Amino acid sequence: MTDPLIRWRERAGDAVLLDGFHALKHALRFGAEVPVAVTTDRKATLALADELAGDLADTLDALLTEVPATAYATLVPRPHPTGVAALAVRPARETNLRALARTPRTAPVVVLDEPRNLGNAGAVIRLAAGFGATGVVTTGTLDPWHPTVVRGGAGLHFATAVERLGVDELPAGPLFALDPEGEDIRGTVLPDDAVLAFGSERSGLSAALRARADHLLALPMRPQVSSYNLATSVAMTLYHWSAFGGAAPAES
Ligand SMILES: C[S@@+](CC[C@H](N)C(=O)[O-])C[C@H]1O[C@@H](n2cnc3c(N)ncnc32)[C@H](O)[C@@H]1O
């Protein structure tokens, strides 16, 4: 077998860095192809796997190679407390576009319209994975596969379709845009084929997104509070869909 560090350097250019045990665990659970995974302490990592991810114990046993801590430190920008890192193959754009376009849709697509904060984007991908959303689409310049976003997503980019698209390329389906000036969300049932759009941290929804929206919805806030954080807004909206929505998708 090739030295894991050589394999790492061969694949690092176009692969996704999985930083830490939990990111690797999540990525494997959701079908990521992982060509190389390293740990600074194989025995401790396999013990952690037995404790937290018995379903992956054999896979991790076969995959993980121990490397010295000094070598590990050259592979990751910031050493992770678990001493684990891996590379995963990024899903093809075409695969994600097919997942986003598939009908009938059984869970909403989340759109972040020109987001700025990489940590927010990662948190939203983690939320979307947790709620089983069809995907997370970003518009604008932020790369939703940026390493900081992947770190924030805890390996869950592989559990939902993550892509960057133009507003004119958004998946079909009724578009519900979230805005503090909209109608109270509590009066609306969100269907499974909904496209749920959220504005940027600084300036809210863009003019292009507003023009494409079918409905503007507001999350309840007491007077004098101007807005919620982006990721918490997505959390409340997905919860609203999961608890009170789920109407049959429109005929395609
Ligand atoms: C931090 S807020 C943006 C605040 C921005 N100054 C504005 O004018 O909307 C980011 C996004 O979270 C969502 N959001 C925040 N609070 C909301 C609320 N009370 N109702 C609906 N959406 C909200 C919206 O999509 C908003 O564009």
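A residue is taken to be near the ligand if one of its heavy atoms lies within 4 Å of it. The model shown in these views is predicted.

**View 1. Residues surrounding the ligand.** The ligand is surrounded by 16 residues, of which Leu 178, Gly 199, Leu 219, Tyr 228 and Ser 233 come nearest. By residue class, this shell consists of eight nonpolar, five polar and three charged residues.

**View 2. Polar atoms facing the ligand.** Gly 199 places a backbone N or O atom 3.0 Å from an oxygen atom of the ligand. A nitrogen atom of the ligand lies 2.9 Å from a backbone N or O atom of Tyr 228. At Ser 233, a polar side-chain atom lies 3.2 Å from a nitrogen atom of the ligand. On its own the ligand has 560 Å² of accessible area, and the protein covers 85% of this. Two elements, β8 (175–184) and β10 (215–218), give two or more residues to the shell; β8 gives the most, with three residues.

**View 3. The four-stranded open sheet.** The strands are arranged in the order β1-β4-β2-β3, and their pairing is mixed. Because β1 (15–19) and β3 (64–66) stand at the edges with a single partner strand each, one side of each is left without a neighbour in the sheet. From one strand to the next, the twist averages 25 degrees.

**View 4. The β1–β4 pair and helix α3.** Strands β1 and β4 (residues 84–89) run antiparallel and are joined by five bridges. Within this pair, Val 16 stands opposite Ala 88 of β4. Helix α3 (residues 42–52) packs on the sheet, where it touches β2 (36–39), β3 and β4. The direction of helix α3 makes about 150 degrees with that of β3.

Terms used:
Residues numbered from 1 in each chain as written. Predicted model: local features only at pLDDT ≥ 70, side-chain atom pairs only at ≥ 80, totals over all residues. Heavy atoms only, no water. Polar contact = N/O pair within 3.5 Å; in protein donor to acceptor, adjacent residues only side chain to side chain. Areas by Shrake-Rupley, 256 points an atom, 1.4 Å probe, with all protein chains shown as cover. Nonpolar A, V, L, I, M, F, W, Y, C, P; charged D, E, K, R; others polar. Pairing = 2+ DSSP bridges. Axes fitted to C-alpha atoms, helices over the stretch in contact; angles between N-to-C directions. Contact = heavy atoms within 4.5 Å.
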